[in-house]
Amino acid sequence: MASPPEPASGTRRTTIATARAKAEGTSASLQGKVTSPLHSTWLGAVLGIVLGVAFTLCFVTGLVDYLSQHPPGWFHLPAHPADLYRINEGVHVFTGIATIPLLLAKLWVVWPELLQWPPVHNLLHALERLSLVPLVGGSLFLLFTGVANIDYWYSPMGFTFTSAHFWTAWLVVGALVVHIGAKAATVRTELGRKSHRPEALDAGAASSAHPSPRSLTGTRRLDPLGGLNRRGFLGTVMGAGGLLVAVSVGETVAPLRRLAILAPRGVGVGPQGVPVNETALQAGVTRSAVDPNYRLVVSGRCRRPRSFSVFDLRALPQQVSALPITCVEGWSADAVWRGVPLASFLDLVEAPKGASIRVESLEGADRLYSMSVVDAEHARDPDTLLALELNGETLDIDHGYPVRLIAPDRPGVLQTKWICKVIVL
Amino acid sequence: MSTDERSSPPDAGPVSTARVRPFQLISLIVGWAIIVFALHGMVRNRSSNPPHLLRLLISLNVVNDALVIPVVLGVSLLVRRLLPSWAVVAAQVGLFTSAIVVLYAYPLLGDWGRTARAGFSRLPYDYAHNVWWVLGAIWLVCGVLAVWQWRRRSAGY
């Protein structure tokens, strides 16, 4: 005989309630075992704020970097100051490096959150919790691919680094906005609560019946097993971030170059004292670049399209520009270039004053960054050159012999080497 | 253990129990709009290999929660239980910083970027050697910290 529906439903409800109570009990019991002072809301809040600032800085500079590499019609970096792109890139890369210990520390501090039961309370809470998936996964992804990019390690990626890094950054920023909204009140409360500050905790420990011994930082130790206190942990995290920056920043800050023992590039190391990422051999131009029949062909929207041999280019008025070359991998180097000012070159072929140009390389068109567009401001800037010499010598073939573009505030990948075509747009 | 030491679980409480604030609601809407925009951008941009990328993003969560956290938890418990109390802080500092350095230097140690680093720009470094130097410096500092801790403990601080 079938049971009446109401009691069955009642039994089910009781079973569910019992299971829920049991789960809550287990969760509370596990959380109760987390006694380390490192898993505190205060520490989570402090690390969260620092991480928020670091990620924002990385996102803004990364956005500028991406737009500089893939310029839409409405954006280009101004041509001066000439170190603008270099500073932007340096801030992006080295803030990202310093963020590695911060992120791992934050994930460690908040892991007991996994024990929370019930995991979600309502729809909004579910959406907030769900946003942690892109926040955690995306943040780890950004730092991992960022480091891999610095080290030229692309084989494990399976995607184009720039676009994957760019869209994941947006994903993380969206999740970060959700997270900030959810935690803002908690952070405000925690940081405003005097009893949660390390000083207050020290005082509390000092006045307790069994004062604990002092720790290395001079504060009262709070961990009964003698582990790091929160101040010590913060110091360790900041120290680890500083150490990573110290052993790598010398690839762009010349006075610190001797310290850069964990960097893949070094200031002053490379052909003519300037590093290169792509050699002539890798680009497949070792023959075409030194071909006696080489010509630089000018075409497009100009009145006097023509072609130039290397000797023709050398015969034109030359100019010297001291411009840095900056790579998206984080290294940069000062260099002195000599060549034909692009502005006077464009006047020679009677190109319109406001015209942009496209330069194309001897590399195959199928290769990434084998061409680039120079906007009118950069094309007419007095420092922009069709460079023929570097640091007082004829361009090395790895630096783009016979002629390359060098312009202020452009990513290294857009300083096109082995130029064979200039097209006025 | 004093009451102040007993830390509340991180980030628990107000999120779930307090009423929803306007700022939280606005952040939720704006944040999810950006997430949807990002997912759309990923899917539209084939070069980002969306299926692979999304799998990777989820896998990194799993690796963190199911692998890294338990391993760190285990090591942390071992350090706290096995070492004398004066050595625990130094060991924690040393292990954390060393792990970060090794993780950061991992691609260099494996020399996986070698093909792209061909040519005269390649630094003449033995990165394994350099990592050992950095680790040596870290543990030297940690050793000094441990000795200092031991002396303070012996002096009755």
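**Close-ups of charge pairs and the A/B interface**

**View 1. A:Asp83, A:Arg86 and A:Asp334 sit together in a salt-bridge network.** Keep in mind that this is a predicted model. Within the trio, the link to look at is the one between A:Asp83 and A:Arg86, whose closest N and O atoms are 3.5 Å apart. The two partners differ in how much they show to the outside: A:Asp83 is partly exposed at 33% relative accessible area, while A:Arg86 has a value of 16% and counts as buried. That label applies to A:Arg86 because buried means under 20% relative accessible area.

**View 2. A:Lys353 pairs with A:Asp347 in a salt bridge.** Here the closest N and O atoms are 3.3 Å apart. How accessible is A:Lys353, buried or exposed? With a relative accessible area of 58%, A:Lys353 is exposed. Its partner, A:Asp347, comes in at 36% and is partly exposed.

**View 3. A:Glu363 and A:Arg367 make another salt bridge.** Zoom in on the charged ends and you'll find the closest N and O atoms 3.0 Å apart. A:Glu363 is buried, with just 6% relative accessible area, whereas A:Arg367 is partly exposed at 30%. As background, side chains of opposite charge can pair when their charged atoms come close. Stepping back from the close-up, a search of the whole structure turns up eleven salt bridges over all chains.

**View 4. Chain A meets chain B, with 106 residues of A in contact with 85 residues of B.** Together the two chains bury about 8400 Å², and carbon and sulfur atoms account for 69% of that area. So what about charge pairs: how many salt bridges does the rule find across this interface? The count is zero. Polar contacts do turn up, though: ten residue pairs across the interface of chain A and chain B, with both residues at pLDDT 80 or more.

**View 5. Six stretches of chain A, helices H3 to H8, each give two or more residues to the side that touches chain B.** They are H3 (84–109), H4 (123–130), H5 (132–150), H6 (161–192), H7 (198–207) and H8 (230–246). Which helix gives the most to this side of chain A? That would be H6(A), with 18 residues. Sorted by residue type, the side of chain A that touches chain B has 63 nonpolar, 32 polar and eleven charged residues.

Conventions. Residues numbered from 1 in each chain as written. Chains lettered and ligands numbered in written order. Predicted model: local features only at pLDDT ≥ 70, side-chain atom pairs only at ≥ 80, totals over all residues. Heavy atoms only, no water. Salt bridge = Lys/Arg side-chain N within 4 Å of Asp/Glu carboxyl O. Buried < 20%, exposed > 50% of the residue type's maximum accessible area, 1.4 Å probe, protein only. Contact = heavy atoms within 4.5 Å. Buried area = accessible area lost by both parts, 1.4 Å probe. Polar contact = N/O pair within 3.5 Å; in protein donor to acceptor, adjacent residues only side chain to side chain. Helix = DSSP H or I, 4+ residues; strand = E, 2+ residues; numbered from the N terminus. Nonpolar A, V, L, I, M, F, W, Y, C, P; charged D, E, K, R; others polar.
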